[in-house]
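Thanks for making the time this morning. I would like to go through a few points on strand pairing and on charged side chains, so please have a look at the structure first.

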Amino acid sequence: MKRFDYVRPATVAEAVAAAAEPGAAYLAGGTNLLDLMKSGAAAPGRLVDVSRLPGLDRIEELPDGGLRIGALVRNADLAHDSDFARRFPAIAEALLSGASAQLRNAATVGGNLLQRTRCAWFADPASACNRRAPGSGCDARGGDSRQQAVLGWNEACVATHPSDFCVPLAALDAVVEIEGRAGRRAVAFEDFHRLPGQTPERETTLAQGELVVALRLPAGAEAFSANARYLKVRERTSFAFAVVSAAAALRLEGGRIAEARLALGGVAAKPWRCPEAEALLAGRPPGPEAFRQAAEAALAEARAPGDNAFKIELARRTAARALTLALAGTPARVPALPASPFAPVPGALVHA
Amino acid sequence: MPEITLTQDPVHLRHGSNIGRPLTRRDGLLKVTGAARYAADNNPKGLLHAVVAVSTVARGRVVALDVEAAMAHPGVVEVMTPANRPALAGDPDAKPNPLVFRLDLLQSDRVRYAGQPIALVVAETLEAATEGAVLLAPRYESEPPAVGLDDGERFVPTAVGPGAPAELRHGDVEAGLAAAAQAIEATYETPPQYHNPMEPHAVVARWDGDRLTLDTPSQAMAMARLRLAALFGIPPENILIRSPFLGGGFGCKGLLSGPQVLGVMAARLVGRPVKLALTRAQLYGPVGHRSPTRQRLRLGADGEGRLTALEHHTLMSSSRFDEFFEPASNASHALYASPAIATLHEAVRLDCGTPMFMRAPGEAPGSAALESAVDEMAEACGLDPLEFRLRNYAEVEPTTGRPFSSKALRECYARGAERFGWERRPLAPRSLRDEHGLLVGWGVGTAIFPALMFEAEARAVIRRDGGGTVEIGACDMGQGAWTALAQIAADAVGLDGERVEFRSGSSDLPDGGIAGGSAHTATAGSAIHSAGAAVVARLAELAMADERSPLFGAGNAGVVARDGRLHRRDDESRSEGYAEILERAGLAEVEARGKGAMDAAAQQRYAMQAHGAVFAEVKVDPDLGQVRVTRLVGAFAAGRIINPRMVVSQYYGGMIWGVSFALHEQAVMDRRSGRPMNADLAGYHIPVNADLPALETILVEEEDPHVNALGIKGVGEIGITGTVGAIANAVWHATGVRVRQFPITLDRLLG
Ligand SMILES: Cc1cc2nc3c(=O)[nH]c(=O)nc-3n(C[C@H](O)[C@H](O)[C@H](O)COP(=O)(O)OP(=O)(O)OC[C@H]3O[C@@H](n4cnc5c(N)ncnc54)[C@H](O)[C@@H]3O)c2cc1C
Ligand code: SF4
């Protein structure tokens, strides 16, 4: 095996110092990083194991009514925290629709945010990939495009961000707390992940050695809890990444949409927030017409890099359906098939 | 002399207390506790680890390998390349018969497919060997590969599958189509598929002089031994293969694969035991796959919905350097009655590893297309698809006119349909919805698989302590051979299961044949049955010739063996225990061997097939196209059932495989590089539990006096056939969209 340093710092400060050198990577649950190391797509010279750092595995109330979630909280623990699931049901549903029970038990909040694209050419060291080896080219172009982006891509990279969790986080204005050698900073979720631009290898706003320590959900996010859903369209009923997904949340007042939130997954290199759609919905009475228009607006700029144009229409329909589901109301508990089109919707016929 | 022939022996006519019981797996506890020792679990003293480096190009030459860098890595002991590999006595590219496949054993620097082994690194640890293989940093001279069915020149292969004619014509298809009231033509595509057994191929090899011991999973140990003997120039008796458990085979462990032999070569090169286990990704290349197919079906029917013609044409691929041709069209030989049937095959050569037998080779893709086409024909005739199938029920094998040795397909249709509630099915597609608005569709498919027999041998012993031993080098790849064959063994020697030591899974036992073609229970079971009959006959001979025995002079009346005693057939109160007979004869044991093989005369006279009917319900989201199979009912008739629990589990497995084929499985090939880009189980989808809410099987009774002495047909593969078509037909019924490309993915249903 390629030799690498392994360090297990005792504090966040030690961790940040240990990861300062290029080639160092944080290890949390390892469910993504270790796979990439095995395939050779990642070859860090130093692993900084943060999985046992104290204090990062807590869910805390913030004085302003928001919630702070430590970066090491396991995906399963967060989803099954009943208070959390009640306040942020779409996030719990998204978490439970991801991966498998075993993986969710191991995967962390921070690792989920930082997970790499599932682009097959990225994971394969024998292929050209600008994201993995800057400037080498992009072998995904011209290959099977089912997993590729339809929004925000360019010639340099057509990959998508695969996370489910991140989609409702984007919709609900989460904030990422980051610690670096210069101290702590907070970044709006919207600004955390980056589109490829000319530097697809820079996937997030993190600088070398910066550590995600927590996520914050603002007080306002809870206001959507009665009408918030996540919908994930996939190639099998469970244990598959999204072809396309959508998180939708509505705040209803007097039969109108006071405020709407919409984000899409599987369509871009970052979780894709849809402000145009949200603006279009605000103040309108909810219904198929409004939802369809919102979906159109959300995908207005979409174009297909390969033969994946179907994803554009699929994304529209997924967005409209997620809004419809949100309108029908958050179910009392996360469905047994979370985020699945096959999860029953009590009392509502949501299909065309 | 007693007449104990196979078919007359009352032991077997009545079948004893073991056959037919739903025993749980005898090896179950070992498996769930991790105590079952698979090949890679063996760690002999002095073991080294080998890792193969595989090609990332599909066609070309290896022009550089950094052997020095690999050798310099701490722990690396040796790098095996074409330059230093041990000499072989046999040419790995020789093709003495169609069942010997060409292997890549570092015979040159040539690359013939992506994933081909190009070097092997042997090290003290797996990690060192792995890193050594990376450090080889191969460089290639590569040429553009042929990857898809349109990339090569078509030709008609000389034979398909294990040696069947590529073309068969019965009657006049063109005339039948011309005379038809309704005709359809449709083309279906199936993708390349990989076997993906849970246990990757592994070998632990040890040489002692010119004797070789290896632990490796094998569906056919005797054949593997012969191949190794020829390659290494040693007598087969010098080779011991242990293969007590296989973590699935599905055909890719039927014949020895290249990497398994490379492990043996490495052990020879370094003079120490070597373990080589492929990674998941390395299974996509040198151990076989199912070729993609493009199947064109042309069907005609008269005004009553009776077929006037059926033509099934398959285009498939083999590798550029060897031959295996998926015999998909042959699925149309024996299923539906038609005065004119033509089954045709054409092939192209691609730069891929050689395709291989894969669970239901030919039948799986062939049935997918045929059952879809039959449904399309039924629709054209305005008939219920089950009614259409019944109108075209083959009373005799349509292409030959031979009667079936047994055929309870009508019963399968009836029982399956009843259980499923088929009669409530509306004819028109897109007319069912569930309470949530999801589209609902119902489909049917007929299952068929030939009842094959190969050859096997077994040895049976009855001892003076009243117990017995039965030995056969059979293979348990998860299907339950340890259990079902032991049940046959116990009845064969007329003993309670507890009193029989059943030995299996090793090449020093009598040749158990191949665990393939759904024929292992039939073949190995027949060998055991005949060995048992023969040893009982020996014992009976002793007793009947001895005037002190109550069986003395039983003569033509003969005896029955049961519960460790021989009984006079004409007077069961006169009996004697095995122990007493041997005691008096002064013998420690009696021993006999028996064979299982097909009865050529019966095979000539009868068409032998297992049948079934599969009914599927699917739900489809009308907007999003996502599909889920919500119910699956399969009714199968496959002769005598040795162990209903194992058989149901085989049917489940087959039907789940069918779901996989219909909706999930495909290798996504990079058309430019010739590499599969989803070579792992996160990307190569097979169904998960959530994809299979309800599965049901019905065992339809069927007695077959002709297939073999025990009346056993195969159950291992048939579950796939019928199921794929039933699901595709249900998707059409749900949506009104006929997807002719497998797997049926949601983008094709978006409309
Ligand atoms: C088979 C399979 C199926 C999956 N299916 C899904 C799915 O359907 N939906 C879905 O959303 N996900 C899915 N996943 C991905 C899974 O969610 C991620 O692997 C997981 O969330 C990563 O978390 P981790 O803690 O294991 O991260 P690790 O593997 O430890 O790390 C991942 C990356 O994050 C970095 N990192 C980790 N923690 C921090 C931190 N605090 N600060 C900065 N950097 C950090 C690491 O350096 C590394 O680059 C699947 C994974 C697998 C293997
Ligand atoms: S799409 Fe992006 S991640 Fe995929 S190969 Fe191209 S550059 Fe790499």
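Let me begin with a question: which residue stands opposite L439(B) in β19(B)? It is R433(B) that stands opposite L439(B), and I should say at once that we are looking at a predicted model.

The strand that holds R433(B)'s partner deserves some attention. Strand β18, residues 432–433 of chain B, is joined to β19(B) by two bridges, and these strands run antiparallel. Together β18(B) and β19(B) make a hairpin with five residues between them, and in that turn G437(B) has a positive phi of about 90 degrees. β19(B) also pairs in the antiparallel sense with strand β27, residues 609–620 of chain B, this time over 12 bridges, and within β27(B) the bridge partner of G441(B) is V618(B).

How is β19(B) placed with respect to its surroundings, buried or exposed? Of the 12 residues in this strand, which covers 439–450 of chain B, 12 are buried, so the strand is largely enclosed by the rest of the structure. In a regular strand, side chains alternate between the two faces of the sheet. Here both faces are covered, with buried residues that include L439(B), G441(B) and F449(B) on one side and V440(B), W442(B) and I448(B) on the other.

Let me turn to the charged side chains. Over all chains, a search of the whole structure finds 87 salt bridges, and I have picked out three pairs and one network.

In chain A, the side chains of D83(A) and R87(A) meet in a salt bridge at 3.0 Å, N to O. These two are four residues apart in helix α4, residues 82–87, and are therefore separated by about one helical turn. D83(A) is partly exposed at 29% relative accessibility, whereas R87(A), at 6%, counts as buried.

Also in chain A, R251(A) and E259(A) form a salt bridge whose closest N and O atoms are 3.1 Å apart; R251(A) is partly exposed at 24%, and E259(A) is partly exposed at 25%.

The third pair is in chain B, where E376(B) and R738(B) form a salt bridge with their closest N and O atoms 3.8 Å apart. This pair links distant parts of the chain, 362 residues apart, with E376(B) in helix α8 and R738(B) in the segment after α16. E376(B) is buried at 9% relative accessibility, and R738(B) is buried at 14%.

Finally, a network of salt bridges links R58(A), E60(A), R68(A), E177(A), E179(A), R184(A) and R216(A).

How values were computed. Residues are numbered from 1 along each chain as its sequence is written. Chains are lettered from A and ligands numbered from 1 in the order in which they are written. This is a predicted model: local features need pLDDT of at least 70, side-chain atom pairs count only at pLDDT 80 or more; totals for chains, interfaces and linings use all residues. Side-chain values use heavy atoms; hydrogens and water are left out. A salt bridge is a side-chain nitrogen of Lys or Arg within 4 Å of a carboxyl oxygen of Asp or Glu. Buried means under 20% relative accessible area, exposed over 50%, partly exposed in between (1.4 Å probe, protein chains only). Two strands pair if DSSP finds at least two bridges between them.
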